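Hi everyone, thanks for coming. I'll walk you through one chain today, so have a look at the picture while I talk.

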Amino acid sequence: MATSKIDFESSLKKLEEIVAKLESGECTLDESIELFEKGMELSNECSKRLEEARQKIITLTDAEESDSND
């Protein structure tokens, strides 16, 4: 089950909602497993996007440092 491409903030909000549902203890085992799987997908997507942003910042700051040294 792949998550559709949504922005980081929406993914994070959905992940927080899933965590709240799981912590409530009101879900059945099957619902909990399904929510957990969806939560892991969202968590992986958020981590991937954060890493991409980090790499972009590194690239931009390296380029700026290189320009200022010329």
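Let's start with Glu16, which counts as exposed because its relative accessible area is 51%, and the cut-off for exposed is over 50%. Glu16 belongs to helix H1. Now find Asp62: 46 residues separate Glu16 from Asp62 along the chain, and their C-alpha atoms are 34 Å apart. Before I go on, please keep in mind that this is a predicted model.

Okay, stay in H1 and look for Ser11, which sits in that helix, residues 8–24. Is Ser11 buried or exposed? It's buried, because its relative accessibility is 1% and buried means under 20%. So what is Ser11 in contact with, once we leave aside its neighbours within four places in sequence? The answer is Ile6, Leu42, Cys46 and Arg49.

Let's pick up Ile6 from that list. You'll find Ile6 in the segment before H1. Ile6 has a relative accessible area of 22%, so we call it partly exposed. Again setting aside neighbours within four places in sequence, Ile6 makes contact with Ser11, Lys14 and Arg49. If you'd like a distance to go with that, take Lys38: it is 32 residues from Ile6 along the chain, and the two C-alpha atoms are separated by 14 Å.

Next up is the other helix, H2. How far should helix H2 span? It has 41 residues, 29–69, and at 1.5 Å a residue that should give 60 Å. The C-alpha atoms at its ends are 59 Å apart, so the expectation and the model agree. Which residues in H2 are buried? They're Leu35, Gly39, Leu42, Glu45, Cys46 and Arg49. And what do the buried residues of H2 pack against? They pack against H1. You've already met some of these names: Leu42, Cys46 and Arg49 are among the contacts of Ser11.

One more residue in H2 is Thr61. With a relative accessible area of 38%, Thr61 is partly exposed. Compare its place with Ala20: Thr61 and Ala20 are 41 residues apart in sequence, and C-alpha to C-alpha they are 37 Å apart in space.

Now let's zoom out to the whole chain. Its secondary structure is two helices and zero strands. The C-alpha atoms fill a box of roughly 65 × 20 × 15 Å along the principal axes. What radius of gyration does the chain have? It's 18 Å, while a compact globule of 70 residues would be near 11 Å.

How much of the chain is buried? Of the 70 residues, 13% are. The accessible surface comes to about 5,700 Å², and carbon and sulfur atoms hold 54% of that.

What about contacts along the sequence? If we take the contacts with a separation of 6 or more, 67% of them join residues 24 or more positions apart.

Last thing, charges. The chain has 9 positive and 19 negative charges, and the mean positions of the two sets are 5 Å apart.

That's me done, over to you for questions.

Conventions
Residues are numbered from 1 along each chain as its sequence is written. This is a predicted model: local features need pLDDT of at least 70, side-chain atom pairs count only at pLDDT 80 or more; totals for chains, interfaces and linings use all residues. Side-chain values use heavy atoms; hydrogens and water are left out. Helices (H or I, at least four residues) and strands (E, at least two) are DSSP runs, numbered from the N terminus. The radius of gyration is taken over C-alpha atoms; the globule rule is 2.2 Å times the number of residues to the power 0.38. Buried means under 20% relative accessible area, exposed over 50%, partly exposed in between (1.4 Å probe, protein chains only). Contact means heavy atoms within 4.5 Å. Accessible areas come from the Shrake-Rupley method with a 1.4 Å probe; for residues, only the protein chains shown count as cover. Lys and Arg count as positive and Asp and Glu as negative; His and the chain ends are not counted. The place of a charge is taken as NZ of Lys, CZ of Arg, CG of Asp or CD of Glu. The expected span of a helix is 1.5 Å times one less than its number of residues.
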